[in-house]
Amino acid sequence: MSSVPELKRISREEAMRLGPGWSHSCHAMLYAANPGQLFGRIPMRFSLLMQMRFDGLLGFPGGFVDRRFWSLEDGLNRVLGLGLGLGRLRLTEADYLSSHLTEGPHREVAHLYARQLTLEQLHAVEISAVHSRDHGLEVLGLVRVPLYTQKDRVGGFPNFLSNAFVSTAKCQLLFALKVLNIMPQEKLAEALTAATEKQKKALEKLLPASS
């Protein structure tokens, strides 16, 4: 069984002490309890929003924040306004969830915020996003994450994890689902294993048979 991957986590205070050579990205995970059932038998439990980006990668709403001009929260609310068209909904430091250092050549710290909404509020965000400035440009649409696994152990969340994610988004998603008790860690690991096996089989079909 695959283990849930983790990035190097640092505190908000440590992140704020990082020098000017570091970039800061702030993203928001908006979610709501959902009492509905798929096909009348699969509990949905929660609805959670991610978005398709201009580069074909999935990520959370948000973006880079220039710390010379904005606080983390002011910068986050600014980019959320551009990508989601949000008006009254503003995230605050109380919504802060985590900071992680990214892997790779760029010195970046990724901050994640999380706000639980009502299902009606979440739907209002989806409607608002269609009318935002960046819709159809940098943002190609919001998607709801299927937070369930069907009987075949692939449909739902495992299939979703087989998609391509930007930077830290996949690790942030798994981290948030775990720490917010939205999904048990063993279920996360099972979904990762199923997604990995699916991708492995797909790759084997594409590669020529060995002689």
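Which residues does Leu91 touch, not counting residues up to four places away in sequence? The first legend answers this, and the later ones move through other parts of this predicted model.

**Figure 1. Leu91 and its contacts in the loop between α2 and β6.**
Leu91 touches Ala28, Leu30, Glu73, Leu76, Asn77, Leu80, Tyr113 and Arg115, leaving aside residues up to four places away in sequence. Among these partners, Glu73, Leu76, Asn77 and Leu80 are buried residues of α2. The C-alpha atoms of Leu91 and Glu73 are separated by 6.6 Å, with the two positions 18 residues apart along the chain counted as their separation. Leu91 has a relative accessibility of 2%, so it counts as buried.

**Figure 2. Asp95, a charged side chain in the loop between α2 and β6.**
The loop that holds Asp95 leads to β6, residues 96–101. Asp95 has 9% relative accessibility and therefore counts as buried; the cut-off is under 20%. Not counting residues up to four places away in sequence, Asp95 touches Arg90, Leu112, Tyr113, Ala114 and Arg115. Tyr113 and Arg115 also touch Leu91.

**Figure 3. Helix α2, residues 72–84.**
The helix has 13 residues. From its first C-alpha to its last, α2 reaches 17 Å, close to the 18 Å expected at 1.5 Å a residue. Its buried residues are Leu72, Glu73, Gly75, Leu76, Asn77, Val79, Leu80, Gly83 and Leu84. An α-helix has 3.6 residues a turn, so residues three or four places apart point the same way. Gly85 follows α2 and has a positive phi, near 65°.

**Figure 4. Ser11, in the loop between β1 and α1.**
Strand β1 covers residues 8–10, and helix α1 covers residues 12–16. Is Ser11 buried, partly exposed or exposed? Ser11 is partly exposed, because its relative accessible area is 27%; buried would need under 20%, and exposed over 50%. Not counting residues up to four places away in sequence, Ser11 touches Tyr96 and Ser99. Both partners fall within β6 (96–101). Ser11 and His111 are 100 residues apart along the chain, and their C-alpha atoms are separated by 9.9 Å.

**Figure 5. Arg153 and Ser167, two residues with positive phi.**
Arg153 is not a glycine, yet its phi is positive, about 65°. The residue sits in the loop between β8 (139–144) and α4 (157–161). With 65% relative accessibility, Arg153 counts as exposed. Ser167 is also a residue other than glycine, and its phi is near 45°. The loop between α4 and α5 holds Ser167. Ser167 counts as exposed too, with 54% relative accessibility.

**Figure 6. Helix α5, residues 169–179.**
How many of the 11 residues of α5 are buried? The count is 8, so α5 is largely enclosed by the rest of the structure. The buried residues are Ala169, Cys171, Gln172, Leu173, Leu174, Phe175, Ala176 and Leu177. Just after the helix, Asn181 takes a positive phi of about 60°.

**Figure 7. Helix α6, residues 185–206, and its cover.**
Helix α6 has 22 residues. At 1.5 Å a residue they should span 32 Å, and the end C-alpha atoms are 32 Å apart, which agrees. The buried residues of α6 are Leu188, Ala189, Ala191, Leu192, Ala194 and Ala195. Their cover includes α4 and α5.

**Figure 8. The whole chain, as context for the close-ups, has 6 helices and 8 strands.**
Along the sequence the pattern reads β-α-β-β-β-β-α-β-β-α-β-α-α-α. The C-alpha atoms fill a box of roughly 55 × 45 × 30 Å along the principal axes. The radius of gyration is 18 Å; a compact globule of 211 residues would have one near 17 Å, which agrees. Of the 211 residues, 46% count as buried. Among contacts with a separation of 6 or more, residues 24 or more positions apart account for 67%. The chain exposes about 11,700 Å², and carbon and sulfur atoms supply 53% of that area. There are 25 positive and 20 negative side chains, and the centres of the two sets lie 3 Å apart.

Note on methods
Residues are numbered from 1 along each chain as its sequence is written. This is a predicted model: local features need pLDDT of at least 70, side-chain atom pairs count only at pLDDT 80 or more; totals for chains, interfaces and linings use all residues. Side-chain values use heavy atoms; hydrogens and water are left out. Helices (H or I, at least four residues) and strands (E, at least two) are DSSP runs, numbered from the N terminus. Buried means under 20% relative accessible area, exposed over 50%, partly exposed in between (1.4 Å probe, protein chains only). The radius of gyration is taken over C-alpha atoms; the globule rule is 2.2 Å times the number of residues to the power 0.38. Contact means heavy atoms within 4.5 Å. Accessible areas come from the Shrake-Rupley method with a 1.4 Å probe; for residues, only the protein chains shown count as cover. The place of a charge is taken as NZ of Lys, CZ of Arg, CG of Asp or CD of Glu. The expected span of a helix is 1.5 Å times one less than its number of residues.
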